[in-house]
Amino acid sequence: MASSPSSLVFKVHRREPELIKPAKPTPHEFKLLSDIDDQEGLRFHIPLILFYRHNPSMQGNKDPVKVIREAIAKTLVFYYPFAGRLREGHNRKLMVECTGEGILFIEADADVTLEQFGDPLQPPFPCLEELLFDVPGSSGVLNCPLLLIQVSRLKCGGFLFALRLNHTMSDGPGLEQFMAAVAEMARGANAPAVPPVWERHVLNATDPPRVTCRHRAYEEVAGSTSSILTHDHLVHRSFFFSPSDITALRRLVPPHLSHCSSFEIITACLWICRTIALQPDPNEEMRIICLVNAREKFNPPLLPRGYYGNGFGLLAAVATAGELSRKPIGYALELVRKAKADMTEEYLRSTASLMVSKGRPLFTVPGTYIVSDLRRAGLEKVDFGWGNAIYAGTAKAIPELASFYSPFTNKKGEDGIVVPFCLPSPAVERFYKELEGMLKGQLVSGGANSKLIVSSL
C-alpha cells in the first residue's frame with residue numbers, strides 16, 4: 001500500500017527567529033571536541049522532527065511553544081556548550097567557544113492537522129522547509145548556532161518539534177539525552193536526571209597517533225560510474241518494514257545466519273536493492289557503512305554515563321556490484337555482520353588516530369551507502385507534557401548517501417521500522433521494484449500478501 005502526502009500544501013506562520021540563552025550565567029571557556037566528533041563526515045547539520053498529538057489535559061494556559069522555550073533556557077544551563085559556537089584550530093581541530101550566545105528558536109503556527117499528514121506518518125514530510133526554516137546565515141559549521149529548533153502549533157491542537165543539529169556536537173543518543181533533559185524541565189524538574197558529561201578526551205587519538213586497524217570506511221578510491229551527489233532530479237521516499245516484512249526477509253536467510261538482527265537483515269536487503277537500482281558496472285566496488293554505537297558495546301563502558309558526544313564507529317563492508325546482484329542475501333548479510341563485529345575499543349582509538357594523522361578525512365563516498373540505527377535512541381519517548389511523540393526521527397534521508405532507521409507504530413499497533421531514502425528518479429523505481437519483489441516473492445510462497453508501505457514526494 002502506498003501513502004503519498006505529496007499533494008498536501010499548507011501555510012506556516014513564523015515569528016522572527018530568536019536566540020534562547022541559558023537561564024543563568026554559564027562559564028566562558030573553550031572545550032575541545034573529540035577526534036571522532038570533528039571528522040569531516042560529521043561537519044553538517046542533521047534535521048529531525050517529532051510529531052505530538054493534541055492532549056486535552058494540557059489545554060488552558062499550556063502552550064507548547066512557551067513551555068519548551070522556557071525549558072530549553074533552563075536546560076542550557078547544564079548543556080551550555082550548545083549555546084556556544086564552533087571554532088577551528090591547528091590541524092582542523094574543532095572546539096566550542098562557550099559564549100552563551102544561545103540556540104536559534106522559531107515559534108510558528110501551521111495551518112494543518114496531524115491527520116492531513118496521512119497514515120502512516122513517515123518521511124518525506126510536505127513543506128519541510130517551512131516546518132524547519134533555514135534561517136539565513138545559520139547553517140554554517142563554524143561560528144553559527146549549534147542547534148536550531150522550531151515548534152509549530154497545529155490546527156488540531158497537536159504540535160511539531162523540528163530540530164537541526166550540528167552533528168559534530170552529538171549523535172542520536174547524545175541528542176536524545178539533551179532532549180530528555182528539556183522534557184524533564186518542561187515537566188517541572190530543576191535538573192536533568194542524567195547529568196551531562198563532556199570528557200571528549202576519552203575518544204581522542206593516542207600521542208603519537210597509531211593507526212592499528214584497516215579502515216575500509218575511509219579508503220581513498222577513484223570516482224564511480226554511479227556518481228554520487230551529481231543527479232538533479234532526486235526523489236525522497238521512505239519504507240515501513242512491518243514485522244511480517246522482516247519475517248519474510250528472514251525466510252531468505254541461510255540457517256547459519258538465522259539469529260541475525262532485524263537491522264542486519266534490512267541493511268543487507270537495502271544494500272542489494274540499492275546496488276541493483278543504481279546499475280553500476282558489475283566490477284565496481286560498493287560499500288555499506290554501518291554506524292555502530294559504542295555506548296553499550298563494551299564492559300566496562302568506554303564512555304561515561306551522561307556522555308553526549310558522538311560515540312560510534314564507522315564500519316564498512318565491501319563487495320562488487322556483480323557479487324551483490326548475483327549472490328543470495330546471505331552473502332551480503334554475512335559481510336554486514338563481519339563488519340559490525342570489527343567494532344572494538346582498539347578500532348575506535350585507531351579511527352581517532354587516523355583522523356589526526358590524515359587531516360580528519362571524509363569517509364569514502366563513491367559507491368557508498370551509510371546506514372544508522374536510531375531505533376534505540378529513544379527520541380520517541382521525549383515527553384514535554386503532551387505524551388510521547390507519534391513519530392520521532394530524521395526528517396529526510398541524506399540525498400543518495402545515507403538512511404536512518406527510526407521506530408514507528410502503525411495504526412494496527414504493529415511496531416516496525418521506517419527507513420527514509422533518496423535516489424535519482426529512475427533508480428527509485430528500480431529500487432522499489434527489487435525490494436517489493438524480494439518481499440512479495442517470499443511472502444507469496446508463504447501464502448500472504450506484501451505489506452510494504454511506501455511514502456513518497
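**Figure 1. Salt bridges in the predicted model.** This predicted model holds 33 salt bridges. Side chains of opposite charge can pair when their charged atoms come close. One of these pairs joins Glu29 and Lys31, with N and O 3.5 Å apart. Glu29 is partly exposed because its relative accessibility is 27%, between the 20% and 50% cut-offs. Lys31 is buried, with a relative accessible area of 18%, because the limit for buried is under 20%.

**Figure 2. Arg69 and Glu107 form a salt bridge.** The closest N and O atoms of Arg69 and Glu107 are 3.0 Å apart. This pair links distant parts of the chain. Arg69 sits in helix α1, residues 64–75. Glu107 belongs to strand β8. The two residues are 38 residues apart. How large is the relative accessible area of Glu107? The value is 8%, so Glu107 counts as buried. Arg69 has 22% and is partly exposed.

**Figure 3. A network of salt bridges includes Arg69 and Glu107.** Its other members are Arg15, Glu18, Asp63, Asp109 and Arg153. Two members, Glu107 and Asp109, lie in strand β8.

**Figure 4. Strand β8 and its partners.** Strand β8 covers residues 103–110. The strand is mostly covered, with 7 of its 8 residues buried. Which strands pair with β8 in the antiparallel sense? Strand β2, residues 12–14, does so over 3 bridges. Here His13 stands opposite Asp109. Strand β3, residues 18–20, also runs antiparallel to β8, and 3 bridges join them. In that pairing, Ile20 stands opposite Ile103. Strand β9, residues 147–154, runs parallel to β8. These two strands are joined by 7 bridges. Glu107 has Val151 of β9 as its bridge partner. Glu107 also forms the salt bridge with Arg69.

**Figure 5. Lys155 and Asp111 pair in a salt bridge.** Their closest N and O atoms are 3.6 Å apart. The pair links distant parts of the chain, 44 residues apart. Lys155 lies in the loop between β9 and β10. Asp111 lies in the loop between β8 and α2. Is Lys155 buried or exposed? Lys155 is exposed, because its relative accessibility is 54% and the cut-off is over 50%. Asp111, at 41%, counts as partly exposed.

**Figure 6. Helix α7 checked by its length.** Helix α7 takes in residues 329–341, 13 residues in total. How far apart should its ends be? At 1.5 Å a residue, the helix should span 18 Å. The end C-alpha atoms are 18 Å apart, so the two values agree. Which residues of α7 are buried? They are Ile329, Gly330, Ala332, Leu333, Val336, Ala339 and Lys340.

**Figure 7. Where domain 1 meets domain 2.** Domain 1 runs over residues 16–199. Domain 2 is made of two segments, 234–375 and 390–440. The C-alpha centres of the two domains lie 26 Å apart. How many residues are in contact across the interface? Domain 1 gives 48 residues and domain 2 gives 41. Together the domains bury about 3800 Å² between them. Of this area, 61% is on carbon and sulfur atoms. The interface also has 3 salt bridges.

**Figure 8. Asp38 and Arg360 form a salt bridge.** The closest N and O atoms of this pair are 3.1 Å apart.

Definitions and conventions. Residues are numbered from 1 along each chain as its sequence is written. This is a predicted model: local features need pLDDT of at least 70, side-chain atom pairs count only at pLDDT 80 or more; totals for chains, interfaces and linings use all residues. Side-chain values use heavy atoms; hydrogens and water are left out. Buried means under 20% relative accessible area, exposed over 50%, partly exposed in between (1.4 Å probe, protein chains only). Helices (H or I, at least four residues) and strands (E, at least two) are DSSP runs, numbered from the N terminus. Two strands pair if DSSP finds at least two bridges between them. The expected span of a helix is 1.5 Å times one less than its number of residues. A salt bridge is a side-chain nitrogen of Lys or Arg within 4 Å of a carboxyl oxygen of Asp or Glu. Domain bounds come from an automatic or database domain assignment. Contact means heavy atoms within 4.5 Å. Buried area is the accessible area (1.4 Å probe) that two parts lose on being put together, summed over both.
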